[in-house]
Amino acid sequence: MGIRVHRPYIIAEKDDHRFIWLGLDEAEAERGILTNQYLIVDKNEGLLIDPGGQYVFERIYRNVSEFIEPENIKAVFFSHQDPDVVGSLIMISDFFPNAEIYVSKLWTRFLPHLGVIEGVVMKEIPDEGTDIIVGKTSLKAIPAHYLHSPGNFSLYDPKVKVLFSGDIGAAVFPEGTWYLFVDDFKTHVKYMEGFHKRYIPTKRALDIWLNKIKELDINIIAPQHGAIFAEKNVKKFLDWLRNLDNVGLDSI
Ligand SMILES: [Fe+2]
Ligand SMILES: [Fe+2]
């Protein structure tokens, strides 16, 4: 089976609001871990989620442009500071000139090291989280600290009940395997275990996050790597996290 290019896909929509997965070129796997990027469009405004490194930027820009004028991207949400999340920052100000950057207050001082980011408006997300308004929808940046970054957020979209979970739920596919939605949960667990046991420092961080999202009405959990959990797999995934042990330092 050859390398495939996948078109963007609307994972949820209601009225004039869409939550879009921004496609993939499987050849990207040769250059780094595969990443998912997402776009939320509400009426005429857009928010881009974890746009990623420079080599995926062309695909992102092209696919975003199918759904919204680039100048109507109002905000970019960075879940944390990793290169696979923030790597294309210096291009964002040129290609999405009206986008304000939302990132944990822990990381705003570090991002200028990526290069000249003149004219970029940084919005520091406080530890307790914040609301980000796009069109008529108020998105919720929810604390997910130490999962795996110490200044880390998930993003909940109440309009279509989608939770972007960042690196929580990350999976690494073996060569030749890829799918957008989790089907066989049992097999998928094997692709998630390695990341969750090594990159997450302690189970306590997971317990705090699980407690925080407990009251949310969630139809879909969309992670930054791997596959999307929908319907019955949302509960299976959260149950799996709840029962995970020997995470990070807990295993030493
Ligand atoms: Fe990360
Ligand atoms: Fe990541």
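These legends walk you through several close-up views of a predicted model.

**View 1. Two iron ions sit 3.4 Å apart and share Asp167.**
Start with the pair itself: the iron ion (ligand 1) and the iron ion (ligand 2) are both coordinated by Asp167. This residue belongs to the loop between β13 (162-166) and α4 (185-199). With a relative accessibility of 2%, Asp167 counts as buried, because the cut-off for that word is under 20%.

**View 2. The iron ion (ligand 1) is held by His80, Asp82, His148 and Asp167.**
The two histidines, His80 and His148, each offer their NE2 atom, while Asp82 and Asp167 each use an OD atom. The coordinating atoms lie at 2.1 to 2.2 Å. Angles between the four donors run from 87 to 174 degrees, so the arrangement is irregular. Along the chain, the donor residues follow the spacing H-x1-D-x65-H-x18-D. Distant parts of the chain are linked here: Asp82 lies in the loop between β7 and α2 (83-86), and Asp167, 85 residues apart from it, lies in the loop between β13 and α4. Is Asp82 buried or exposed? Asp82 is buried, since its relative accessible area is 19%, and the limit is under 20%.

**View 3. The iron ion (ligand 2) is held by Asp84, Asp167, Gln224 and His225.**
Here the donors are an OD atom from Asp84, an OD atom from Asp167, OE1 of Gln224 and NE2 of His225, at 2.1 to 2.3 Å. The four donor atoms subtend angles of 77 to 168 degrees, so this arrangement is irregular. The spacing of the donor residues in sequence reads D-x82-D-x56-Q-H. Once more, distant parts of the chain are linked: Asp167 and His225 are 58 residues apart, and His225 sits in the loop between β14 (220-223) and β15 (229-230). Both Asp167 and His225 are buried.

**View 4. Thr35 is in contact with Asp84, Gln224 and His225.**
Those three residues also coordinate the iron ion (ligand 2). Look for Thr35 in the loop between β4 (24-25) and β5 (38-42). Its relative accessibility is 6%, so Thr35 counts as buried. Leaving aside neighbours within four places in sequence, Thr35 is also in contact with Leu24, Val56 and Arg59. A polar contact of 2.8 Å connects the Thr35 side chain with that of Gln37.

**View 5. Strand β6 pairs with β5 and with β7.**
On one pairing, β5 and β6 run antiparallel and are joined by five bridges. Leu39 faces Leu48 of β6 across this pairing. Two residues lie between the strands of this hairpin, where Lys43 takes a positive phi near 55 degrees. With β7 (residues 73-77), β6 pairs in the parallel sense over four bridges, and Leu48 stands opposite Val76. From β6 the chain crosses through helix α1 (residues 57-67) to β7, making a right-handed β-α-β crossover. Why is β6 (residues 45-49) largely enclosed by the rest of the structure? Four of its five residues are buried, so the strand is largely enclosed.

**View 6. Tyr55 reaches Gly32 with its side chain.**
Tyr55 is in the loop between β6 and α1. At 33% relative accessibility, Tyr55 counts as partly exposed. Its side chain comes to 3.4 Å from the backbone nitrogen of Gly32. Not counting residues up to four places away in sequence, Tyr55 touches Glu28, Arg31, Gly32 and Ile33. Arg31 is 24 residues apart from Tyr55 along the chain, and their C-alpha atoms are separated by 8.4 Å.

Terms used: Residues numbered from 1 in each chain as written. Chains lettered and ligands numbered in written order. Predicted model: local features only at pLDDT ≥ 70, side-chain atom pairs only at ≥ 80, totals over all residues. Heavy atoms only, no water. Donors = N, O, S within 2.8 Å, 3.2 Å for Na, K, Ca; no water. Tetrahedral: all angles 85-135°; square planar, octahedral: opposite > 155°, others 65-115°. Buried < 20%, exposed > 50% of the residue type's maximum accessible area, 1.4 Å probe, protein only. Polar contact = N/O pair within 3.5 Å; in protein donor to acceptor, adjacent residues only side chain to side chain. Contact = heavy atoms within 4.5 Å. Pairing = 2+ DSSP bridges. Right-handed = clockwise from strand over helix to strand, strands pointing away.
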